[in-house]
Every structure is written in C-alpha cells, then in structure tokens.
Amino acid sequence: MRTKKEILDGDGNIRKGCKIIKKGEVYERKIFTIKDSRFKQESFLDEAKVFYTDLINQMVIDDKDRLSIFDKNGPYLATKKVGKNNPKAEVIKADNEIRMEWNRAVDRAIPCVSETEVVELKKTEITDRIREYVEQNGKKPELFGEIVRAAVALLEKLITKVMRKIMDITEKVIGKAADIIKETPEETENTVHAKNEPVVRPEKKKIHFPVNL
C-alpha cells in the first residue's frame, strides 16, 4: 500500500500482517528460495545437453540433420563460438585455428593410430601441461598455442613411426610371397601345361541290332 490509511482497520488500528516502512528505510522481500547447488555443477549441464539434444533429434526427419554432443573426453579439441560484436573475436579465431591444427592431425592419425593412444597423448601433452602451467604461472593464453603445437609435432612423429612399421610389415609379406613363387616354378608350369592340353573323350561304341528279313 502507498499510505498508512490503506492498512488501517475500522478502528484506526494497523491490520494484522501489515507494517509501516518509513521513507528511506531498506527492506528485503524474499520471493525465491535458495538455488539448488546441483544446478551449478557441470554434470547437470551435461545432463541437460543430452536431454535436449535427444528431444530435438526426435523431430528430425533426415539423419544428416541430427545433432550430436561434443565428447570432451575424445581425441579432438572443442572450438569456441565467436559471438556477434564480440570484442575478443580475433583472439577466439586465432585460438580456434590452433585447435583445428590439432584436430586435423587427429584426422590423419585415426586411420593408423588407435584412438586410445591419441586420447592419452592429448591428456598428457595438452590437458595436463596446461594445468601445470596455470598452477605455476597463472593464466597465460599465449602459452596455449605453444603447448598444442608441441603436441601436434609429437602426434606427427607417432604417425610417422606407425606408418614405418606398417611399411616394414608390408615389405616382409611381399618378400615372403615372392620367395614362395620362386620356390615352386615347376608346379606352376605343370599346371599351365595341364590346362593347355586338349581334352580327349572316349569314342561311343555303336550297337547293331539284328534285322528280321
């Protein structure tokens, strides 16, 4: 109410549950309860992402339009979205380009290197190293690029090492196959001659039946 008269009863007394707040006094009014701490946890955000992604996909007709959730425990690095009129747009773009360097290296590695090895390399050479640098030196965004590029170089070395092993195994297999062919030339020739020989079929005997005169 705006005035004292509006909260008075017929006898001029303040009605039950009402009070007068003098001009300039501060008062609090609690409308909402205390926020549940669960809503502040990352696990709740992950649950919400899964729930709404599944809900949206139920309405999708074409499979190519289906949404998917980025797996932060996978081999790839997530890129950041550049919002409209973001003052740090150039910084975010540069950061994303560094992340894409790693992701492109992962694309090259996956066909020949197991995903488990790539994930382990990402954890030890990127995630753990960034955590160590932050704990020792504080947040320094410029170090992120150096750490990721060093990890990319290690991943490229791993790819080269695996490819060399594959080439060595292939050469050994081809060499053994060639030796087997050299050791059995006579059998091969006999087989060829047998195939080229004409097929001889036995003559059919003629049967004579007696004729009654």
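Is D128 buried or exposed at 19% relative accessibility? In this predicted model, D128 counts as buried, because its 19% falls under the 20% cut-off. The residue has a charged partner: K123 and D128 form a salt bridge, with the closest N and O atoms 3.3 Å apart. K123, by contrast, counts as partly exposed, at 44% relative accessibility.

This pair belongs to a wider set, for the count of salt bridges comes to 10. A helpful one to look at next joins the side chains of K72 and D46, at 3.8 Å from N to O. Here K72 lies in the loop between α1 and α2 (89-109), while D46 sits in helix α1, so the bridge ties together parts that are 26 residues apart in sequence. K72 is partly exposed, with 48% relative accessibility, and D46 is also partly exposed, at 34%. The contact does not stand alone, as E42, D46 and K72 are linked in a network of salt bridges.

Another salt bridge connects E97 with R104, whose closest N and O atoms are 2.9 Å apart. E97 is partly exposed, with a relative accessible area of 41%. R104 likewise counts as partly exposed, at 36% relative accessibility.

The surface also has a nonpolar side to show. F51, Y52 and L55 make a nonpolar surface patch of about 330 Å². Of these residues, F51 is found in helix α1, which covers residues 42-57. Helix α1 is thus a good place for a newcomer to start exploring: F51 of the patch is found there, and so is D46, the partner of K72.

Conventions: Residues are numbered from 1 along each chain as its sequence is written. This is a predicted model: local features need pLDDT of at least 70, side-chain atom pairs count only at pLDDT 80 or more; totals for chains, interfaces and linings use all residues. Side-chain values use heavy atoms; hydrogens and water are left out. Patches are made of residues with over 30% relative accessible area and no salt bridge: like charges are joined within 9 Å, nonpolar side chains (Val, Leu, Ile, Met, Phe, Trp, Tyr) within 5 Å. Accessible areas come from the Shrake-Rupley method with a 1.4 Å probe; for residues, only the protein chains shown count as cover. A salt bridge is a side-chain nitrogen of Lys or Arg within 4 Å of a carboxyl oxygen of Asp or Glu. Helices (H or I, at least four residues) and strands (E, at least two) are DSSP runs, numbered from the N terminus. Buried means under 20% relative accessible area, exposed over 50%, partly exposed in between (1.4 Å probe, protein chains only).
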